[in-house]
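Let's take a walk through a protein chain together. Have the sequence and the 3D view ready, and look for each part as it comes up.

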Amino acid sequence: MAAATRGCRPWGSFLGLLGLVSVAAAAWDVASLRCNFGSFCECDFRPDLPGLECDLAQHLAGQHLARALVVKSLKAFLQDPTPAKPLVLSLHGWTGTGKSYVSSLLARYLFRGGLRSPHVHHFSPIIHFPHPSHIERYKKDLKSWVQGNLTACGRSLFLFDEMDKLPPGLMEVLRPFLGSSWVVYGTNYRKAIFIFIRWLLALGHPGGTPAGRHSALPPAPEASCKALCAQ
């Protein structure tokens, strides 16, 4: 009897291991299935708003109004479990005002992998859209890329750099993804974030800042990181 008992233990352990593997596989399948429905999947989305506020307060000088608006918009968007539309941020200004820096911080404090996250998509006109004559192909590819990645994960960030250098008309394919509708092209996209970066001159001067004059916001006393985190 003792020998029989000893002989059964490896089989019992093996069957138990199979049970654990089956449970793990089932859990993975459920998670994968949930991620195919963009509205449920959080992927590696791990927002750290206190950390973002502290970093902006310490390192983004002279842009207190822009900083407050970005944080306020982001808070309202993340606190809404069913947002009406994606969050769209347009960062524009002169060279050195912190546009690229802010966008990199947003990726860092929203996604576990930062800019290297598979759900953060950074587009550069020089790298991705270098030939204006290929505009129709670019439109098709961009639409397919955005739609496919939102289908894989609704919590995706799309960052478009140097908007003033993009081929004219390319951004028109994004218009359906930016409005307030539950589904576009079979994709639920309301939890996505779009960031557009452009140089100030691309906005034109009529009715705005005269040519040759900087429009940087006046500097303001920086609150300490400790005080911000306490709030």
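## The chain at a glance

Counting up its secondary structure, the chain has eight helices and four strands. Keep in mind that this is a predicted model. Starting at the N terminus, the order of the elements is α-α-α-β-α-β-α-α-β-α-β-α.

How much of the chain is buried? Of its 231 residues, 37% are buried. The chain exposes about 13,600 Å², and 62% of that comes from carbon and sulfur atoms. Now take the contacts between residues at least 6 apart in sequence: 75% of them join residues at least 24 apart.

## Two separate cores

The largest nonpolar core holds 26 residues, and the ones that touch the most other members are Leu52, Leu74, Leu106, Leu110, Leu157, Ile193 and Ile195. Two or more residues each come from helix H2 (49-59), helix H3 (64-79), strand S1 (87-93), helix H4 (99-110), S3 and S4. Which element gives the largest share? That's H4, with six residues.

There's also a second core, separate from this one, with 20 residues; Phe123, Leu170, Val173 and Phe196 are among them. Back in the largest core, pick out Ile193, one of the residues touching the most other members. Setting aside neighbours within four places in sequence, isoleucine 193 is in contact with Leu74, Phe77, Leu87, Leu110, Ser156, Leu157 and Phe158.

## Helix H3 and its two sides

H3 has 16 residues, and its first and last C-alpha atoms are 22 Å apart, close to the 22 Å expected at 1.5 Å a residue. Its buried residues include Arg67, Val70, Val71, Leu74, Phe77 and Leu78. These residues sit on the same side of H3, because they cover an arc of only 135 degrees around the axis. Here's the background: an α-helix has 3.6 residues a turn, so residues three or four places apart point the same way.

Now turn to the other side of H3, where Leu65, Leu69, Lys72 and Gln79 are exposed. As for the buried residues of H3, their cover includes H2, S1, H4 and S4.

## Helix H6 and its cover

Next up is helix H6, covering residues 135-152. With 18 residues, H6 reaches 26 Å from first C-alpha to last, close to the 26 Å expected at 1.5 Å a residue. Which residues of H6 are buried? They include Ile135, Tyr138, Leu142, Val146, Asn149 and Leu150. Their arc around the axis is only 100 degrees, so they lie on the same side of H6.

Flip to the other side of H6 and you'll find Glu136 and Lys140 exposed. Over on the buried side, the cover includes strand S2 (120-123), helix H5 (125-128), strand S3 (157-160), helix H7 (175-178) and strand S4 (193-199).

## Rings in pairs

The model has seven aromatic pairs. In one of them, the rings of phenylalanine 123 and phenylalanine 129 have centres 6.1 Å apart and planes at 20 degrees, so the pair counts as stacked. Phenylalanine 123 and phenylalanine 129 are buried.

Another pair is phenylalanine 160 with phenylalanine 196: their ring centres are 5.5 Å apart and their planes are at 20 degrees, so this pair is stacked too. Phenylalanine 160 is in strand S3 and phenylalanine 196 in strand S4, so the pair ties together parts that are 36 residues apart in sequence. Both phenylalanine 160 and phenylalanine 196 are buried. Put Phe123, Phe129, Tyr138, Phe160 and Phe196 together and you have one aromatic cluster.

## Two residues to look up

Find tryptophan 199 in strand S4. Is tryptophan 199 buried, exposed or in between? Tryptophan 199 counts as partly exposed because its relative accessibility is 33%. Leaving out neighbours within four places in sequence, tryptophan 199 is in contact with Gly93, Trp94, Thr95 and Asp164. Tryptophan 199 and threonine 97 are 102 residues apart in sequence, yet their C-alpha atoms are 9.9 Å apart in space.

Last, go to the loop between S3 and H7, where you'll find glutamate 162. Most residues other than glycine have a negative phi. Glutamate 162 isn't a glycine, but its phi is positive, at about 50 degrees. Glutamate 162 is partly exposed, with a relative accessible area of 24%.

Terms used:
Residues are numbered from 1 along each chain as its sequence is written. This is a predicted model: local features need pLDDT of at least 70, side-chain atom pairs count only at pLDDT 80 or more; totals for chains, interfaces and linings use all residues. Side-chain values use heavy atoms; hydrogens and water are left out. The expected span of a helix is 1.5 Å times one less than its number of residues. Buried means under 20% relative accessible area, exposed over 50%, partly exposed in between (1.4 Å probe, protein chains only). The arc is that of the directions from the helix axis to the C-beta atoms. Contact means heavy atoms within 4.5 Å. Accessible areas come from the Shrake-Rupley method with a 1.4 Å probe; for residues, only the protein chains shown count as cover. A nonpolar core is a set of buried Ala, Val, Leu, Ile, Met, Phe, Trp, Tyr and Cys residues joined through side-chain atoms within 4.5 Å. Rings of Phe, Tyr and Trp (its six-membered ring) pair if their centres lie within 6.5 Å; planes under 30 degrees apart count as stacked, over 60 as edge-to-face and the rest as tilted.
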